[in-house]
Amino acid sequence: MSDYQQLHHISDEIGPIYVLEDNECRILSFGDNDEQSKILKAQPHIPQHTYIQAMLAVLLFSQPKSAIILGLGGGGLIHALRRYDAAIKLTAVELRSPVIDIAKRFFQLPIGKKLNLVHQDGTAFLAEGNHKRVDIIFADMYIEQGVDEKQLTVEFIAHCHQSLKTDGFLVLNCWKEHSKSELLKQTLSMHFANVYATLTGGGNWVVYASKQPHSFGSAVNKQHVQQLSKQLDYPVGRALTRFTQWE
């Protein structure tokens, strides 16, 4: 990260938080060689990480009116979803209050009536159930060391299922090694009708789990992919080259 200038640094009980930038990009980092979030300052709606691009591919299968985002980071998902449809009701849940402040101050977070920011542990938020059911849950809870293991538990997956509408989707951002987890695969299959996944070029394993038996044919429908690419302003098909049913 030596090519970047440090704009801001703060520490909380979990650890350090850095904001870095160069001429084009701004980065949220939790430690050495760690990029939690990255935005183009001139075009913050275009995701810079392949896993965010892959998570947004769920929009091929769902036209959501509401979504929960677990793990705010720099707000990359929120920027892209706002570009896609400014009317979607979004609830973003973030464990670390400095991250919320930094997203507002340094990452152009699009604040408005349709965005509810919650300072809370994502797993506790879902477990309490004091929220309306939504169309999509984006689970992206990460710490410096990697995936927050809480988002891979049986309880978490069950709470996600309960928090989704009858035709809802869970989008789960994991690491490549989780593609070998029989427990995670079985837990998802126990609660969801169809489970698909894609391996990203960055080594993430992004899972799409649907409550209803769902055709994922839009993933190979060139017209649908081109239309979504135009809406999101980047080529969605890149995230789907290794898209497959997880069985």
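Two strands are said to pair if DSSP finds at least two bridges between them. In this predicted model, strand β12, which covers residues 194–199, pairs with β13 in the antiparallel sense, and six bridges join the two. At one position of this pairing, A197 stands opposite V207 in β13. The hairpin of β12 and β13 has four residues between the strands, and within this hairpin G203 takes a positive phi near 90°.

Strand β13 also has a second partner. Strand β11, made up of residues 164–175, pairs with β13 over seven bridges, again in the antiparallel sense. Here L172 is the residue that stands opposite V207 in β13.

The surroundings of β13 itself may be considered next. This strand spans residues 204–210 and is mostly covered, with seven of its seven residues buried. In a regular strand the side chains alternate between the two faces of the sheet. In β13, N204, V206, Y208 and S210 point one way, whereas W205, V207 and A209 point the other way, and all are buried.

The description now turns to a pair of helices. Two packed helices are described by the angle between their axes and the distance between the axes. For helix α5 (residues 154–163) and helix α6 (residues 182–191), the axes come within 10 Å and cross at roughly 25°. Because angles under 35 degrees count as roughly parallel, α5 is roughly parallel to α6. Their crossing is right-handed. On the α5 side, V154, I157, A158 and H161 take part in the contact, meeting L184, T187, L188 and H191 in α6. By class, this contact has five nonpolar residues, three polar residues and no charged residues.

Methods: Residues numbered from 1 in each chain as written. Predicted model: local features only at pLDDT ≥ 70, side-chain atom pairs only at ≥ 80, totals over all residues. Heavy atoms only, no water. Buried < 20%, exposed > 50% of the residue type's maximum accessible area, 1.4 Å probe, protein only. Axes fitted to C-alpha atoms, helices over the stretch in contact; angles between N-to-C directions. Parallel < 35°, antiparallel > 145°, perpendicular 65-115°, else oblique. Left-handed = near helix turned anticlockwise from the far one by under 90°. Contact = heavy atoms within 4.5 Å. Nonpolar A, V, L, I, M, F, W, Y, C, P; charged D, E, K, R; others polar.
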